[in-house]
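Please open the structure in your viewer and keep the selection tool at hand. The stops below go from the whole chain to single residues.

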Amino acid sequence: MSTATRADAPRNDTGTAAQAGPRREPGTRPGIPFGRLLHVELRKLVDTRSGRWLLIAMGLVTAAAIGFTWSLSERESLTFSTFAEATTTPQMILLPILGVLTATSEFSQRTGLVTFAQEPRRLRVVLAKMAAVCIVGVLAIALGLALAAAANVLAGTFQDAPASWDLRWPAVGGVLLAELIGVLSGLGLGLLLANPGFAIAAYFLIPMLLPLMALVSWLKDAAPWIDPNPSSRQLLSGHMTATDWGHLATSNAIWTLLPLVLGSWLLLRREIK
C-alpha cells in the first residue's frame, strides 16, 4: 500500500487507520424490522381517539353485559357459559370496527405519507396491521373469558348460583375463530373501500342482506356456500360437521379473504396523497 493511500484512509479517535466497512449501495438503507412495524400498528390502535374510545367502549359494554346478565337472569342459569356469551357478544360486534379503523387510519388520519415513506413495502404494513388486530382479538377473548370466570365465582359466592363451569372447549375455539374472522373481515373491507364510514356500513349491511338469497329459488341451494351466517352460528355453538366447515370456508373466502386480497392489491397501486 502506498503512502498516499495510507494518508487518505479514514482514521478513528486514536489516529490509527480505521477498517473500511462493507460498502452500501447509494440510496439504500436497511429495512424496518417487522417487530417494529407491529409495535407501531399496536400503538396506533390506542393513539387515535377513535381507536382509543372504541376499546374503552368495548370494556364498558362488556362490563354492562355482565351486570345485565347477573341482574336479569334466573339464579339457576348463572353459569360460566352464560357469562361467557354475555362478554364475547359485544366484542364480536365491536372488534370488526377496530379492524376497519386500523385499515383506514392511513387515509382518515392522513398518516399514509409518513407510513409508506418510512416503509415503502406496503404489503409488510398490511401484514403488521393483520397481526396487530389478531393479537387484540385474542387478548379481548381472553379478557372476556377471565371476566366471565370472575362473575361466575362471584355469582356462586353471593347469590348461591350453580357456578357451573359448563363451557365446552370446542365452543371456546369457535368463538375465537369467529372473532378473528370478523376482525379480518373488517380489515379487508377497510382496505378495499379506504373509507371508514363506507366500510363499517358495508360490514353491517352485507350480513343483513345475504339471508334474502334463501327467498330466491335458484339461489336457495347455493346460499349456505355464500352466506357465512349459518355456518358461523354452528361455529359458535361448537358443533361443526364437515359440511359446515365447507360452508364456512367458501363463504369466508368470498367475504373475508377476497376483500383482503383485493384491498391489499389496491393499496399497492393506490396513490398516497
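The tour starts with the whole chain and then moves through a helix pair, two cores and one serine.

**Whole chain.** Show the protein chain as a cartoon, bearing in mind that this is a predicted model. The protein chain has 11 helices and zero strands. Followed along the sequence, its pattern reads α-α-α-α-α-α-α-α-α-α-α. Of the 273 residues in the protein chain, 37% are buried. Switch to a surface view: about 15,700 Å² is exposed, and carbon and sulfur atoms supply 67% of that area. For contacts in the protein chain between residues at least 6 apart in sequence, 75% join residues at least 24 apart.

**Helices H2 and H4.** Select residues 34-47, which form helix H2, and residues 80-108, which form helix H4. Their axes are 11 Å apart, and the two helices pack at an angle of about 105°. H2 and H4 are therefore roughly perpendicular to each other, since angles from 65 to 115 degrees count as such. Now show side chains at the contact: H2 contributes Glu41, Lys44 and Leu45, while H4 contributes Leu98, Thr102 and Glu106. By class, this contact of H2 with H4 has three charged, two nonpolar and one polar residues.

**The largest nonpolar core.** Next, select Leu78, Phe83, Leu145, Ala148 and Ala155, the residues with the most contacts inside the largest nonpolar core. That core has 13 residues. At least two of its residues come from each of H4, helix H6 (122-158) and helix H7 (169-193). H6 gives the largest share, five residues. In soluble globular proteins, nonpolar side chains tend to be buried together.

Stay in this core and centre the view on alanine 155. What is alanine 155 in contact with, leaving aside its neighbours within four places in sequence? The residues to pick out are Trp70, Leu78, Phe83, Asp160 and Ala161.

**A second core.** Apart from the largest core lies another core, of 12 residues. To find this other core, select Ala103, Val125, Leu184 and Ile272, which are among its residues.

**Serine 231.** Last, select residues 229-237, which form helix H10, and pick serine 231 within that helix. Is serine 231 buried or exposed? Serine 231 counts as buried because its relative accessibility is 3%, and the cut-off for buried is under 20%. Leaving aside neighbours within four places in sequence, show what is in contact with serine 231: Met240, Asp244, His247, Leu248 and Ser251.

Note on methods
Residues are numbered from 1 along each chain as its sequence is written. This is a predicted model: local features need pLDDT of at least 70, side-chain atom pairs count only at pLDDT 80 or more; totals for chains, interfaces and linings use all residues. Side-chain values use heavy atoms; hydrogens and water are left out. Axes are lines fitted to C-alpha atoms, for helices over the stretch in contact, and angles run from 0 to 180 degrees between N-to-C directions. Helices (H or I, at least four residues) and strands (E, at least two) are DSSP runs, numbered from the N terminus. Angles under 35 degrees count as roughly parallel, over 145 as roughly antiparallel, 65 to 115 as roughly perpendicular and the rest as oblique. Contact means heavy atoms within 4.5 Å. Ala, Val, Leu, Ile, Met, Phe, Trp, Tyr, Cys and Pro count as nonpolar, Asp, Glu, Lys and Arg as charged, and the others, Gly among them, as polar. A nonpolar core is a set of buried Ala, Val, Leu, Ile, Met, Phe, Trp, Tyr and Cys residues joined through side-chain atoms within 4.5 Å. Buried means under 20% relative accessible area, exposed over 50%, partly exposed in between (1.4 Å probe, protein chains only). Accessible areas come from the Shrake-Rupley method with a 1.4 Å probe; for residues, only the protein chains shown count as cover.
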